[in-house]
Amino acid sequence: MAQNGRLPDSDLAPILQGRLVRANSCAASWNAMNAEARRLGVELRPTGSKSSYRTFAQQQELWNLYRSGKGNLAATPGTSNHGWGLAVDLATTQMRAMVDRIGKRYGWAKEWSDAPSEWWHIRYRSGIWSGPDPGPTGSGAAPPAQPAAPPRPQVALDVGVMPDGRFEVFRIVGDNITNRWNAKTGGWAPNWQRL
Ligand SMILES: [Zn+2]
């Protein structure tokens, strides 16, 4: 029977700069999420060597630091989700924002994690994602459909000429006249007139 912080190597699979448990597609889902995050411009990685799977001895070390007032809040050795290979501490808020954006489909979301006071800590929820493991640096997951960018409104200038030769210039965005520049009053308006 596997014990917290004492998982055999065969139960663990690599993620970028760390390891997570293999069971229930945990490590694979992380790697698949990271493949998508990477395509979107953010590489997800744990803060350090104790920030994904964490051994009992490492948890003990963090616990001692916490108890002596020198470290972050740490779970009692033997109880941390890091010891089950189910949690990751993210290195930056940018990574956290990316997990907030795309993580739920992969089983990763802060809102269902433990340690709510630690923005960096997220825990896996199994049963949401399954698929092949693209590996720590792979991109094996199918690329997500990119939503089409909304069409930019057409911008145009139009000129209206009066019988006496004076004219007005209109700026048109989409179907709306947004500005008018005219010589009707005997000279150019000092500025674009916003309509
Ligand atoms: Zn953590």
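This tour moves from the whole chain to one helix, then to the core around that helix, and finally to a second helix.

**The whole chain**

Display the complete chain as a cartoon, bearing in mind that the model is predicted. Three helices and eight strands are present. Followed along the sequence, they occur in the order β-β-α-α-β-α-β-β-β-β-β. Colouring by burial shows that 27% of the 195 residues count as buried. Among contacts with a separation of 6 or more, 52% join residues 24 or more positions apart.

**Helix 1**

Select residues 26–39, which form helix 1. The C-alpha atoms at its two ends are 20 Å apart, in agreement with the 20 Å that 14 residues should span at 1.5 Å a residue. Is this helix mostly covered or mostly open? It is mostly covered, since eleven of the 14 residues are buried. Show the side chains of C26, A27, A28, S29, W30, N31, A32, M33, N34, A35 and E36 to see these buried residues. Their packing partners are strand 1, strand 2, strand 3 and helix 3. Next, centre on G41, which follows helix 1 and has a positive phi, near 105 degrees.

**The largest nonpolar core**

Return to helix 1 and add the residues around it. In soluble globular proteins, nonpolar side chains tend to be buried together. Here the largest nonpolar core has 27 residues, and L20, V21, C26, A27 and W30 touch the most other members. Two or more residues come from each of strand 1 (12–15), strand 2 (18–21), helix 1, strand 3 (87–89) and helix 3 (93–102). Which element gives the most to this core? Helix 1 does, with seven residues.

Now select A27 alone and display its surroundings. Leaving aside residues up to four places away in sequence, A27 touches A13, I15, L20, V21, R22 and D133.

**Helix 3**

Move to residues 93–102, helix 3. Select M95, M98 and V99, the buried residues of this helix. They lie on the same side of helix 3 because they cover an arc of only 100 degrees around the axis. An α-helix has 3.6 residues a turn, so residues three or four places apart point the same way. The buried residues of helix 3 pack against helix 1 and strand 4, the latter at residues 121–123. Finally, turn to the other side of helix 3, where T93, Q94, A97 and R101 are exposed.

How values were computed:
Residues numbered from 1 in each chain as written. Predicted model: local features only at pLDDT ≥ 70, side-chain atom pairs only at ≥ 80, totals over all residues. Core = buried A, V, L, I, M, F, W, Y, C linked by C-beta atoms within 7 Å. Buried ≥ 20, exposed ≤ 12 C-beta atoms within 10 Å, placed from the backbone. Helix = DSSP H or I, 4+ residues; strand = E, 2+ residues; numbered from the N terminus. Contact = placed C-beta atoms within 7 Å. Arc of directions from axis to C-beta. Expected span 1.5 Å × (residues − 1).
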